[in-house]
Amino acid sequence: MSNRAINISLTVNGERVQGRVDARKTLVDYLRDDLSLTGSHVGCEHGVCGACTVRVDGEIVRGCLTCKRPSSNAMRCSAASALPAC
Ligand code: FES
């Protein structure tokens, strides 16, 4: 992990999550790699295909274009954790 790590605090699928992650990591990579929530996928990584779609604070966002907000206590994510991984 680079020295550009940030502390994060958020709620994912109703569960409180805290940790320290690389500031450059996207939301979809964080969900998949760090939380093992593999329902959202990485496809084009350009915001076009929608494979990485996640709901954040009620808004549909592209997880490949979204970085985590440091210490964002209000950030609430819904990831499709029940879908099988490809
Ligand atoms: S991976 Fe295609 S829109 Fe995010």
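Which residues are buried in H1? They are Leu-27, Val-28, Tyr-30, Leu-31 and Arg-32. Here, "buried" means that 20 or more other C-beta atoms lie within 10 Å of a residue's own, while "exposed" means 12 or fewer and "partly exposed" is in between, with C-beta atoms placed from the backbone.

A quick word on what you're looking at. This is a predicted model, where local features need pLDDT of at least 70 and side-chain atom pairs count only at pLDDT 80 or more, while totals for chains, interfaces and linings use all residues. Residues are numbered from 1 along each chain as its sequence is written.

Now for the overall layout. The protein chain has one helix and five strands, and from the N terminus on they run β-β-α-β-β-β. Helices (H or I, at least four residues) and strands (E, at least two) are DSSP runs, numbered from the N terminus. Of the 86 residues in the protein chain, 23% are buried.

Some of the elements are listed here:

| Element | Residues |
|---|---|
| helix H1 | 27-34 |
| strand S1 | 5-12 |
| strand S2 | 15-22 |
| strand S3 | 53-56 |
| strand S4 | 59-62 |

Let's start with S1 and S2. These two strands run antiparallel and are joined by eight bridges; strands count as paired if DSSP finds at least two bridges between them. One of the partnerships links Ser-9 to Gln-18 in S2. Their hairpin has two residues between the strands, and Asn-13 takes a positive phi near 50° there. S2 is hardly covered, with zero buried residues among its eight.

Back to the helix. The buried residues of H1 pack against S2 and S3. After H1 comes Ser-36, which also has a positive phi, near 60°.

What makes up the largest nonpolar core? It's a group of nine residues: Leu-27, Val-28, Tyr-30, Leu-31, Leu-37, Cys-52, Val-54, Val-56 and Cys-64. H1 and S3 are the elements that give two or more residues to this core, and H1 gives the most, with four. A nonpolar core is a set of buried Ala, Val, Leu, Ile, Met, Phe, Trp, Tyr and Cys residues joined through C-beta atoms within 7 Å. In soluble globular proteins, nonpolar side chains tend to be buried together.

Finally, is Ile-60 buried or exposed? Ile-60, which sits in S4, is exposed because it has 10 other C-beta atoms within 10 Å. Leaving out residues up to four places away in sequence, Ile-60 touches Thr-53 and Arg-55, where a contact means C-beta atoms, placed from the backbone, within 7 Å.

Technical notes
Two residues are in contact if their C-beta atoms, placed from the backbone, lie within 7 Å.
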